[in-house]
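The paragraphs below go through a protein model and its two ligands, one after the other. Keep the sequence and the 3D view at hand while reading.

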Amino acid sequence: MIVTIDGVAASGKSSVSSGVAQALGVPYVSSGLLYRAVTLLGLGAGANLADPAALLPLLSGVRLEPLASGNRVWNADHDLTADLHSTRVDTGVSVVAALPEIREWVDAQLRALPAPLVAEGRDMGTNVFPHAPHKFYLTASPHVRAERRARERPEDIPAIEAALTERDRLDTTQSAPAPDARVIDTGPLTLKGVIDTILNDLR
Ligand SMILES: Nc1ncnc2c1ncn2[C@@H]1O[C@H](COP(=O)(O)OP(=O)(O)O)[C@@H](O)[C@H]1O
Ligand SMILES: Nc1ccn([C@@H]2O[C@H](COP(=O)(O)OP(=O)(O)O)[C@@H](O)[C@H]2O)c(=O)n1
């Protein structure tokens, strides 16, 4: 069984997916971490982030480890995870995610994973796992999302809100909800409330 949880930036996808996956006793996979890893490696190599031919050779050792408690991304034996959520990576990642060659590489990594799993991102329900039987799409206003993210970032709320809104705009192409997804506004809910809403739906 595959459950897809898509949504806009900082809508709660990874926290909710982790909670749902732990309740179900299955792993979850955070597709955004792979786009972030490509961006981090591209920045580290001084590559042009809009040039797939410069990025693809950097990816041969990249591997996602999907755990219910939290995903890790490795480049050979180097754990990249702690460096994936910097503002620098946030700023570059949408350029990388717009490249069809990189999207194909990410999709292949995800489709190679064995079910059951919970998959979160932007296009899990539309493109990567279109036949998944259970699909969800998380939203919240830009201000609510910026307030939440401000607890994890050094910038102030207006700067974070502007950056989230810009990333939403750049990610529009791949971020449409699947027609068969249940859309959940997480704004008025607690994290547990969102997880319980999904678990109730699955039951
Ligand atoms: N009602 C809620 N639903 C989802 N996440 C919430 C909620 N309230 C607070 N959060 C917090 O919002 C932050 C952003 O969530 P995260 O899972 O990182 O989102 P995403 O994976 O979509 O970027 C996390 O710290 C999470 O705990
Ligand atoms: N399935 C996905 C997942 C992420 N992404 C890209 O990767 C970026 C980072 O995704 P993320 O889920 O880690 O970001 P947050 O929403 O958690 O901030 C997004 O802004 C998109 O550009 C994508 O294009 N498709």
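In this predicted model, a convenient place to start is ligand 1, where one of the oxygen atoms is 2.8 Å from an N or O atom in the side chain of Arg149. The backbone also takes part: an N or O atom of the Ala10 main chain is 3.2 Å from an oxygen atom of ligand 1, and a backbone N or O atom of Thr186 is 3.5 Å from a nitrogen atom of this ligand. On its own, ligand 1 would expose 570 Å², and the protein buries 84% of that area.

Ligand 1 occupies the space of the largest pocket. Helix 1 (13–24), helix 7 (142–150) and helix 9 (191–202) are the elements that supply two or more residues to the shell around it. Of these, helix 1 contributes the most, with 4 residues. The shell of ligand 1 holds 16 residues, and the closest of them are Lys13, Ser15, Arg149, Glu152 and Leu189. By class, the shell residues are 6 nonpolar, 6 polar and 4 charged.

Now turn to ligand 2. Ala10 appears here as well, with a backbone N or O atom 3.3 Å from an oxygen atom of ligand 2. Two side chains also make contacts with oxygen atoms of this ligand: a polar side-chain atom of Lys13 lies at 2.8 Å, and a polar side-chain atom of Arg103 lies at 2.8 Å. Taken alone, ligand 2 exposes 520 Å², of which the protein buries 97%.

The space taken by ligand 2 is, again, the largest pocket. Two elements give two or more residues to the shell around this ligand, namely helix 2 (31–44) and helix 4 (87–97). The largest share, 4 residues, comes from helix 2. The shell of ligand 2 has 19 residues, among which Arg36, Arg149, Arg167, Asp171 and Gln174 come nearest. These shell residues divide into 6 nonpolar, 5 polar and 8 charged.

With both sites in view, which residues recur? Ala10 offers a backbone N or O atom to an oxygen atom of ligand 1 and to an oxygen atom of ligand 2. Arg149 is listed among the closest residues to ligand 1 and among the nearest to ligand 2. Lys13 is one of the closest residues to ligand 1, and a polar atom of the Lys13 side chain lies 2.8 Å from an oxygen atom of ligand 2.

Terms used:
Residues numbered from 1 in each chain as written. Chains lettered and ligands numbered in written order. Predicted model: local features only at pLDDT ≥ 70, side-chain atom pairs only at ≥ 80, totals over all residues. Heavy atoms only, no water. Near = heavy atom within 4 Å. Polar contact = N/O pair within 3.5 Å; in protein donor to acceptor, adjacent residues only side chain to side chain. Areas by Shrake-Rupley, 256 points an atom, 1.4 Å probe, with all protein chains shown as cover. 1 Å grid on protein atoms, 1.4 Å probe; cavity = no way out; pocket = protein on both sides within 12 Å on 5 of 7 lines; lining within 4 Å. Sits in = over half its atoms within 2 Å of the grid points. Nonpolar A, V, L, I, M, F, W, Y, C, P; charged D, E, K, R; others polar.
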